[in-house]
Amino acid sequence: MLRHATPVRADLDRIARRWGFDFHIIDNEIYWDESRAYRFTLRQIEEQIEKPTAELHQMCLEIVSRAVRDDEIMRQLAIPELYWQAIAESWRAQDPSLYGRMDFVWCGREPVKLLEYNADTPTSLYESAFFQWLWLEDARRSGAVPRDADQYNAIQERLIARFGELHQAEPLYFSCCQGADEDRTTVAYLEDCARQAGLETRFIFMEEVGLGVGGLFTDLDDNTIRRAFKLYPLEWMMRDANGPLLCRRRTQWVEPLWKSILSNKGLLPLLWRFFPGHPNLLPAWFDGDAPAIGPGEGYVRKPIYSREGANVTIYNARQQVIDAAGGAYGDEPAICQAFRPLPKFGDSYTLIGSWIVDDEAVGMGIREDATLITRDTSRFVPHYITG
């Protein structure tokens, strides 16, 4: 994995506007950063990223299978007991999943290590699947990268194929919260993929979802919502006033209820418990349990529902805080994970996001930040493959 400077397209702003990339600049700061790019070899992609992603995902599914049969695990994940049966039913019924993203630290000298699994509402999909590929095509034409360069990116192709497998007579609704430009762009992109697969789609904001006769969710025209993709966390749905209606399973939600087990950072100590010493895992434990590392080692404390680095705290070997992020997740249970610093290129720390669609490893995106904690504003940097 090498990083090098690349020329920024002179008409980048126009290209971004043309394709609806309204958040390539966030708060007057660069979010999409094509002044640099990461180069990989095909062997690095296949052996160091794609293969571990597929293996880890299967291990995660094994954790779901265990959790739905073990009340103690569900308690450790702090999932409300009201939803346990519905989650188990969702798993046994094989309610369909669409996608997820694993975040890795990789310094090139040892196997990638899993930092977390964003299995419910992962961000940076549009950038990874679509805009990054447009960059590669332009970069090859301009000579910024070799003309035979490729990219680890079959994300859009697999999304469309997966939507094709979900084809039914009822329309598939797409939803997110109002006022979130990034979420709206991501949902619009996914809706376009579904349409390419031949599905009838409709959009509705989460705030507009109504309640009809018999406790059925409805749209603004009082049509029953029987299938819906939501860019809205499952744990938020469970806390909402109408959350208990999820137990009736009258609406098929994507992501499904069983994903609430994988989108929980309690997954990390469970993976270490059932697959101890696995080369792609870091020691992890529930806050309050005996540490899974020896004295004199650093660790990271993460609230189980934290997103985009919120309320994450990093401690060094002397138990001193070396980095911390604020946020709204500080009051919930937490887990701890052995600290493995992200590799540093110049003034930036680098995180690899490995995408999964329909249980297959299909592509990646790279994020950079000036700090060790990757946040929602961390820059997205494209990549390519040669050799």
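# Exercises on a predicted model

Asp222 is exposed, as its relative accessible area is 62%. Keep in mind that the structure you are looking at is a predicted model. Let's work through it together.

## Exercise 1: Two residues with positive phi

Find where Asp222 and Gln319 sit, and decide whether each is buried, partly exposed or exposed.

**Solution.**
- Step 1: Look for Asp222 in the loop between strand S10 (217–218) and S11. Phi of Asp222 is near 65 degrees, which is positive although the residue is not glycine.
- Step 2: Exposed means a relative accessible area over 50%. With 62%, Asp222 therefore counts as exposed.
- Step 3: Now go to Gln319, in the loop between S15 and S16. Here too phi is positive in a residue other than glycine, near 65 degrees.
- Step 4: Gln319 has a relative accessibility of 45%, so Gln319 is partly exposed.

## Exercise 2: A hairpin

Describe how strand S15 (residues 313–315) and strand S16 (residues 321–324) are joined.

**Solution.**
- Step 1: The two strands run antiparallel, and three bridges join them.
- Step 2: Pick out one pair: Ile314 has Asp323 in S16 as its bridge partner.
- Step 3: Follow the chain from S15 to S16: the two strands form a hairpin, with five residues between them. Gln319, from the previous exercise, lies in this turn.

## Exercise 3: A strand with two partners

Which strands pair with S4, and in which sense?

**Solution.**
- Step 1: Start with strand S1 (residues 2–5), which pairs with S4 in the antiparallel sense over four bridges. His4 has Ala37 in S4 as its bridge partner.
- Step 2: Turn to strand S22 (residues 383–385), which pairs with S4 in the parallel sense over three bridges. In this pairing, Phe40 stands opposite Ile385 of S22.
- Step 3: Check how covered strand S4 (residues 36–40) is: of its five residues, four are buried.

## Exercise 4: A sheet and the helix across it

Work out the strand order of the open sheet that contains S7, and name its edge strands.

**Solution.**
- Step 1: The sheet has four strands, in the order S8-S7-S11-S12, and the pairing is parallel.
- Step 2: An edge strand pairs on one side only, and here this holds for strand S8 (201–203) and strand S12 (252–254).
- Step 3: On average, neighbouring strands of the sheet are turned by 25 degrees against each other, ignoring direction.
- Step 4: Zoom in on strand S7 (residues 172–175) and strand S11 (residues 227–230): they run parallel and are joined by three bridges. Ser175 is found opposite Lys230 of S11.
- Step 5: Add the helix: H7 lies across S7, S8 and S11, at about 165 degrees to S8.

## Exercise 5: Two helix crossings

Classify the crossing of H6 with H7 and that of H2 with H10 as oblique or roughly perpendicular.

**Solution.**
- Step 1: Helix H6 (residues 155–165) and helix H7 (residues 181–196) have axes that come within 8 Å and cross at roughly 60 degrees. Roughly perpendicular covers 65 to 115 degrees, so H6 and H7 are oblique to each other. Their crossing is right-handed.
- Step 2: See who meets whom: Gln156, Leu159, Ile160 and Phe163 of H6 touch Tyr189, Leu190, Cys193, Ala194 and Gln196 of H7. Sorted by class, this contact has seven nonpolar, two polar and no charged residues.
- Step 3: For helix H2 (residues 42–67) and helix H10 (residues 267–274), the axes come within 10 Å and cross at roughly 95 degrees. These two helices are therefore roughly perpendicular.
- Step 4: Met59, Cys60, Ile63 and Arg66 of H2 make the contact with Leu267, Leu270, Leu271 and Phe274 of H10. By class there are seven nonpolar, no polar and one charged residues in the contact of H2 with H10.

## Exercise 6: The surroundings of Phe380

Is Phe380 buried or exposed, and what is it in contact with?

**Solution.**
- Step 1: Locate Phe380 in strand S21 (residues 379–381).
- Step 2: Buried means under 20% relative accessible area. The value for Phe380 is 0%, so Phe380 is buried.
- Step 3: Set aside neighbours within four places in sequence; the contacts of Phe380 then include Tyr31, Trp32, Ser124, Gln132 and Arg367.

Definitions and conventions:
Residues are numbered from 1 along each chain as its sequence is written. This is a predicted model: local features need pLDDT of at least 70, side-chain atom pairs count only at pLDDT 80 or more; totals for chains, interfaces and linings use all residues. Side-chain values use heavy atoms; hydrogens and water are left out. Buried means under 20% relative accessible area, exposed over 50%, partly exposed in between (1.4 Å probe, protein chains only). Two strands pair if DSSP finds at least two bridges between them. Axes are lines fitted to C-alpha atoms, for helices over the stretch in contact, and angles run from 0 to 180 degrees between N-to-C directions. Angles under 35 degrees count as roughly parallel, over 145 as roughly antiparallel, 65 to 115 as roughly perpendicular and the rest as oblique. A crossing is left-handed if the near helix is turned anticlockwise from the far one by less than a right angle, and right-handed if clockwise. Contact means heavy atoms within 4.5 Å. Ala, Val, Leu, Ile, Met, Phe, Trp, Tyr, Cys and Pro count as nonpolar, Asp, Glu, Lys and Arg as charged, and the others, Gly among them, as polar.
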